[in-house]
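This report describes how a protein and its ligand fit together. Please examine the sequence and the structure shown below before reading on.

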Amino acid sequence: MSQLQFDGRAVIGGQRVAALSGATFQSISPVDGRVLTEVAQCGAADIDRAVGAARAAFDDKRWRGLPPAQRKRIMVKFADLLLENADALALTETLDMGKPVKYARAVDVNSAANCIRWYGEAVDKVYDEIAPTADTALALITREPVGVVGVVVPWNYPMIMAAWKIAPALAVGNSVVLKPSEKSPLTALRLADLALEAGIPDGVFNVVPGFGPEAGSPLALHMDVDCIAFTGSTRVGKQIHVMAGQSNLKRAWTELGGKSPNIVFADCPNLDRAVEAAVGSIFFNQGESCNAPSRLYVQDSIKEKFLEKALALVPAYAPANPTLPDTVMGALVDTLQMNTVLRYIESGKAEGAKLLAGGEQVLQSTGGCYVQPTVFDGVRGDMTIAREEIFGPVLSVLSFNDTAEVVRMANASVYGLQAGVWTSDLNKAHGVARALRAGTVHVNQYDEDDITVPFGGYKQSGVGRDKSLHAFDKYTETKTTWIRIDSPV
Ligand code: NDP
């Protein structure tokens, strides 16, 4: 760990640079409260400089002008470099935001590399279209990169959230300005170094660290940014759409919060697997996942057995130092988030839910931010912990008896990101999956999907989809070229 060197300067136009104001902020590790490094505290002037570099790169075609097969090779090299630097990237992520290093390595680095490789490999295999016209015309429907893409991402999966947006955006030829969260900026900055090393030209991929209102807003408001892609809270996501409308009507795509229902019917095909998935998915990443199945609906007749099995698993998720190789539950991202989670736990108790496990801050002597895995039973749909996204290791258990009733309860949320259904009945699985208002429905598993399928929400979980070939829709304009043919024959 001591060999890791952090560089908190921005990457603009292919160079490491300080903020124009000279301002910095401290990157503090939630593992033990230590200061990791000083990070450039960029503002509107730095965003302007980065957008200028991105625009220049777009206009002179140094990247988008390359044949797709050449961009592919560079993207694949970029992915390879992530894997070559996997251990250092994983440890950096762990120190910066608190997740267990074993998952930072096996999940975050691998998924980010896989995503960059997948879009790189896809880009020379996607064809444009010719419309079915009469013989007197040829109508081409072609895709063009949208231009300069602004990307704002949160702290929970810093590399993956960035990769889901920068990979399709870069692959099709855009220039990108990425603002990572001030809580976890270090791996994003390393991604920019590795992109340059792979051969992505100067100015095509810029990373500008700073705080949301100081650096994120100027990016969303910038008149020379053509598209803004955001992952984070619904509150800020709404502001992103407003800022897009207030400025140049840039395309705005938002992946926002969730309060995903996980419905376990009595005819669930494998109860142990359902219990492991329910518990493992809510406590994975300390519960800091937008798609965490935080509302668990268990059919009355199996609830007692289900909870007994679930509670037996909880001790295995006791928080520990995330830099240790066997740790499965690390630190929450910072004191602010930890206190938010603890407040939600207090509200659960005050509103009458029954605390079955956890509920306390632990490991205070480390100087880090640790909360026990927490389970509430007897939760009602109107309680705060059943309605609001907690973004921490807190499972709310509700019960039901009737299928229509549980679908109604599951859909009674402002969110619609994901859902889970466990049943052996194929008709019920399909019927309930169709009735659930969610971007992804997991059946007899939770979160086993991969890069080939879209990810995004209904309702206030956002607009647009990450992952899969559908992501290209967000970062391209569709052009029609209608050509008259006056054939001599
Ligand atoms: P935010 O929405 O506040 O932050 C997400 C990103 O937006 C960060 O880079 C942040 O910058 C930036 N940002 C903040 N304010 C603005 C602004 N006015 N203009 C432009 N950009 C801005 O989420 P948090 O990270 O604070 O997390 C809070 C809650 O959001 C969580 O508890 C959870 O409910 C939800 N969330 C959902 C996620 C998901 O994947 N769906 C992921 C993360 C959070 P900075 O952090 O540097 O200020």
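## Surroundings of the ligand

How many residues surround the ligand, and which are the closest? In this predicted model, the ligand is surrounded by 28 residues. The closest are Trp-155, Glu-182, Ser-233, Leu-256 and Glu-389.

By residue type, this shell consists of twelve nonpolar, twelve polar and four charged residues. Three elements that each contribute at least two residues to the shell are helix 7 (212-221), strand 10 (227-231) and helix 8 (234-246).

## Contacts and burial

Side chains approach oxygen atoms of the ligand at two residues named here. A polar side-chain atom of Lys-179 lies 2.9 Å from an oxygen atom of the ligand, and for a polar side-chain atom of Ser-181 the distance to an oxygen atom of the ligand is 2.9 Å. Leu-256 takes part through its backbone: an N or O atom of that backbone lies 2.5 Å from a nitrogen atom of the ligand.

Taken alone, the ligand would expose 860 Å², of which the protein buries 88%. As for its location, the ligand sits in the largest pocket.

## Salt bridges

The structure contains 27 salt bridges. One of them joins Asp-224 to Arg-55, with 3.1 Å between the closest N and O atoms.

Why does this pair tie together parts that are 169 residues apart in sequence? Asp-224 belongs to the loop between helix 7 and strand 10, while Arg-55 belongs to helix 1 (residues 44-59), so the salt bridge links these separate parts of the sequence. Helix 7 and strand 10, which flank this loop, also each supply at least two residues of the shell around the ligand.

Methods:
Residues are numbered from 1 along each chain as its sequence is written. This is a predicted model: local features need pLDDT of at least 70, side-chain atom pairs count only at pLDDT 80 or more; totals for chains, interfaces and linings use all residues. Side-chain values use heavy atoms; hydrogens and water are left out. A residue is near a molecule or strand if one of its heavy atoms lies within 4 Å of it. A polar contact is a pair of N or O atoms within 3.5 Å; within protein, one must be able to donate a hydrogen and the other to accept it, and residues adjacent in sequence count only if both atoms are side-chain atoms. Accessible areas come from the Shrake-Rupley method with a 1.4 Å probe; for residues, only the protein chains shown count as cover. On a 1 Å grid over the protein atoms alone, a cavity is a set of points where a 1.4 Å probe fits but cannot get out, and a pocket is an open set with protein on both sides within 12 Å along at least five of seven lines; lining residues have an atom within 4 Å of a point. A molecule sits in a cavity or pocket if more than half of its atoms lie within 2 Å of its grid points. Helices (H or I, at least four residues) and strands (E, at least two) are DSSP runs, numbered from the N terminus. Ala, Val, Leu, Ile, Met, Phe, Trp, Tyr, Cys and Pro count as nonpolar, Asp, Glu, Lys and Arg as charged, and the others, Gly among them, as polar. A salt bridge is a side-chain nitrogen of Lys or Arg within 4 Å of a carboxyl oxygen of Asp or Glu.
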